[in-house]
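Hello,

Here is the structure we talked about handing over. Please open it and keep it beside this email while you read.

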Amino acid sequence: KKRLTYGQFWNLSDKQKRRQAAWLVVYGLQPKCVHLATPCTDMCVVGAGVNTDENEALVVFSKQVAVHQDDHGLLASVENPLSSGLTKREDWKGTFGVREAPREPWRYYVSDGCQLGLAYLGPDDMYRPLRKSQEWMANFDLSPLALRCRHPVLALAGCSHEHHICRGRMEIESGRKVNLSEFSGCYTPEQGALYAQCLQEALPRVDRALPEDIHRPLIVHPAG
């Protein structure tokens, strides 16, 4: 919602923006893959712990987009902090299953940020790894992202390094102080590269019929 895209900002807390975004997914762009990072402020252990109307609307929107993609033979993925209550919701489990028993074709994966280049950048503890565990769900294989620190699946032993706790604020090189929870929620280049690799493997299996006017300039229609 802070980035200008297609001539506007996309605050999906606004009902009209959600309708416009839905139009882009269903009609305007028809993307082969959609990645959703559902806001977790109200669902994490460090959050308010209150299910607001705004949070409910964003969860429903994420579910609708993911289900739409899968129903049309397209790809979708969702990411949230492991501490989030998103995938523990009964309506979520009813649609996608749980990590131990996912509903086809969905699968869950867990990664630790310190295994994917996430580190503290403040001068008081420069480059100390940030663990920030994340849970991913997708209808295509994201297993290369599932790198764990203390309890790896494929390695003989876990890592022994210490972590900086993802709380408080961090002073960056410019002197500005940033919220560490927000900073640790940004994807690293390593995460981006692995996700792109997974997507490259999955996209050849997606058969999408493009609309006839796909090469025309895109105009975002106002919500009706």
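**What Met137 touches**

Start at Met137. Setting aside neighbours within four places in sequence, Met137 is in contact with Ala76, Ser77, Val78, Trp92, Phe96, Trp106, Arg107 and Tyr108. Bear in mind that this is a predicted model.

**The cores**

Met137 also stands out in the largest nonpolar core. That core has 18 residues, and Trp92, Phe96 and Met137 touch the most other members. Several elements feed it: helix 1 (15–28), strand 3 (33–36), helix 2 (53–71), strand 4 (75–81) and helix 3 (90–96) each supply at least two residues. Helix 2 gives the largest share, four residues. There is also a second, separate core of 16 residues. Tyr109, Ala138, Leu194 and Cys198 are among its members. As background, nonpolar side chains tend to be buried together in soluble globular proteins.

**The salt bridges**

How many salt bridges does the structure hold? The count is nine.

Take Arg107 first, since you have already met it as a contact of Met137. The Arg107 side chain meets that of Glu104 in a salt bridge, at 2.6 Å from N to O. Arg107 is partly exposed, because its relative accessibility is 32% and the partly exposed class runs between 20% and 50%. Glu104 is exposed, with a relative accessible area of 59%.

Next, look at Asp112. Is Asp112 buried or exposed? Asp112 is buried, with a relative accessible area of 0%. Two arginines reach this residue:

- Arg131 forms a salt bridge with Asp112, with the closest N and O atoms 3.8 Å apart. Arg131 sits in the loop between strand 5 (107–112) and strand 6 (133–138), and Asp112 sits in strand 5, so the pair ties together parts 19 residues apart in sequence. Arg131 is partly exposed, at 28% relative accessibility.
- Arg148 forms a salt bridge with Asp112 too, with the closest N and O atoms 3.2 Å apart. Arg148 is in the loop between strand 6 and strand 7 (169–171), so its pairing with Asp112 in strand 5 ties together parts 36 residues apart in sequence. Arg148 counts as partly exposed, at 21% relative accessibility.

Finally, which residues are linked in a network of salt bridges? Glu56, Lys63, Arg89 and Asp91 are.

**Where to look**

For a quick tour, begin with Met137 and its contacts. Then go to Asp112 and its salt bridges with Arg131 and Arg148. End on the network that links Glu56, Lys63, Arg89 and Asp91.

Best wishes

Key: Residues numbered from 1 in each chain as written. Predicted model: local features only at pLDDT ≥ 70, side-chain atom pairs only at ≥ 80, totals over all residues. Heavy atoms only, no water. Core = buried A, V, L, I, M, F, W, Y, C linked by side-chain atoms within 4.5 Å. Buried < 20%, exposed > 50% of the residue type's maximum accessible area, 1.4 Å probe, protein only. Contact = heavy atoms within 4.5 Å. Salt bridge = Lys/Arg side-chain N within 4 Å of Asp/Glu carboxyl O.
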